[in-house]
Amino acid sequence: MQVCNHCYDACLKEEDLKMMAECIRLDLECADICAYAAESMARNSPFVQQICRICVKIREACGNECKKHDHVHWQQCAEACLICAETCRKMAS
């Protein structure tokens, strides 16, 4: 969640925001679903597995989008997203 928020903030500082629109959108989606997943786990929600499945899809989408860009913050975000997607995949099974 923190890495996605950092990436989102860094994207907003780019000159061509239109080019960054998809990355910004996915960073926000990813940070939001991660926060929601953590909250649902903390309250022992019966829907944790389903939430984690959605988290995997969003994490992978965000990670794959960030991999397309060269700056360090994008590569860090891509790596974190793909690692977290794998963790969520295990929790969803």
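## Met 20 and its surroundings

Met 20 counts as buried, because its relative accessibility is 0%, and buried here means under 20%. The model is a predicted one, and in it Met 20 belongs to helix H2. Once neighbours within four places in sequence are set aside, the contacts of Met 20 are Cys 11, Glu 14, His 69 and Trp 74.

One of these partners, His 69, is 49 residues from Met 20 in sequence. In space, the C-alpha atoms of Met 20 and His 69 are 9.6 Å apart. Trp 74, another contact of Met 20, falls within the range of helix H4, residues 72-92. Cys 11, also in contact with Met 20, falls within the range of helix H1, residues 2-12.

## Overall fold and dimensions

The chain contains 4 helices and 0 strands. In sequence order the pattern is α-α-α-α. With a radius of gyration of 13 Å, close to the 12 Å that the globule rule gives for 93 residues, the chain is therefore as compact as a globular protein of that length. Along the principal axes, the C-alpha atoms fill a box of roughly 45 × 20 × 15 Å.

Of the contacts with a separation of 6 or more, 59% join residues 24 or more positions apart. Buried residues account for 40% of the 93 residues.

## Surface and charge

The accessible surface of the chain is about 5700 Å², and carbon and sulfur atoms contribute 56% of that surface. The chain carries 11 positive and 14 negative charges. The mean positions of these two sets of charges lie 8 Å apart.

## Ser 40 and the H2-H3 loop

Ser 40 is located in helix H2, which covers residues 17-42. Its relative accessibility is 0%, so Ser 40 counts as buried. The side chain of Ser 40 reaches the backbone oxygen of Ala 37 at a distance of 2.8 Å. Beyond neighbours within four places in sequence, Ser 40 is in contact with Ser 45, Val 48 and Ile 51. Two of these partners, Val 48 and Ile 51, fall within the range of helix H3, residues 48-66.

Asn 44 sits in the loop between H2 and H3. Asn 44 counts as exposed because its relative accessibility is 64%. The phi angle of Asn 44 is near 60°, a positive value in a residue other than glycine.

## The N-terminal residue

Met 1 lies in the segment before helix H1. Met 1 has a relative accessible area of 41% and is therefore partly exposed, since that class lies between the 20% limit for buried and the 50% limit for exposed.

Not counting residues up to four places away in sequence, Met 1 touches Ala 31, Cys 34, Ala 35 and Arg 59. Met 1 and Leu 28 are 27 residues apart in sequence, and their C-alpha atoms are 8.9 Å apart in space.

## Lys 68 and the H3-H4 loop

Lys 68 is placed in the loop between H3 and H4. At 61% relative accessibility, Lys 68 counts as exposed. Lys 68 and Met 91 are 23 residues apart along the chain, and 27 Å separates their C-alpha atoms. Met 91 falls within the range of helix H4, residues 72-92.

Technical notes. Residues are numbered from 1 along each chain as its sequence is written. This is a predicted model: local features need pLDDT of at least 70, side-chain atom pairs count only at pLDDT 80 or more; totals for chains, interfaces and linings use all residues. Side-chain values use heavy atoms; hydrogens and water are left out. Helices (H or I, at least four residues) and strands (E, at least two) are DSSP runs, numbered from the N terminus. The radius of gyration is taken over C-alpha atoms; the globule rule is 2.2 Å times the number of residues to the power 0.38. Buried means under 20% relative accessible area, exposed over 50%, partly exposed in between (1.4 Å probe, protein chains only). Contact means heavy atoms within 4.5 Å. Accessible areas come from the Shrake-Rupley method with a 1.4 Å probe; for residues, only the protein chains shown count as cover. Lys and Arg count as positive and Asp and Glu as negative; His and the chain ends are not counted. The place of a charge is taken as NZ of Lys, CZ of Arg, CG of Asp or CD of Glu. A polar contact is a pair of N or O atoms within 3.5 Å; within protein, one must be able to donate a hydrogen and the other to accept it, and residues adjacent in sequence count only if both atoms are side-chain atoms.
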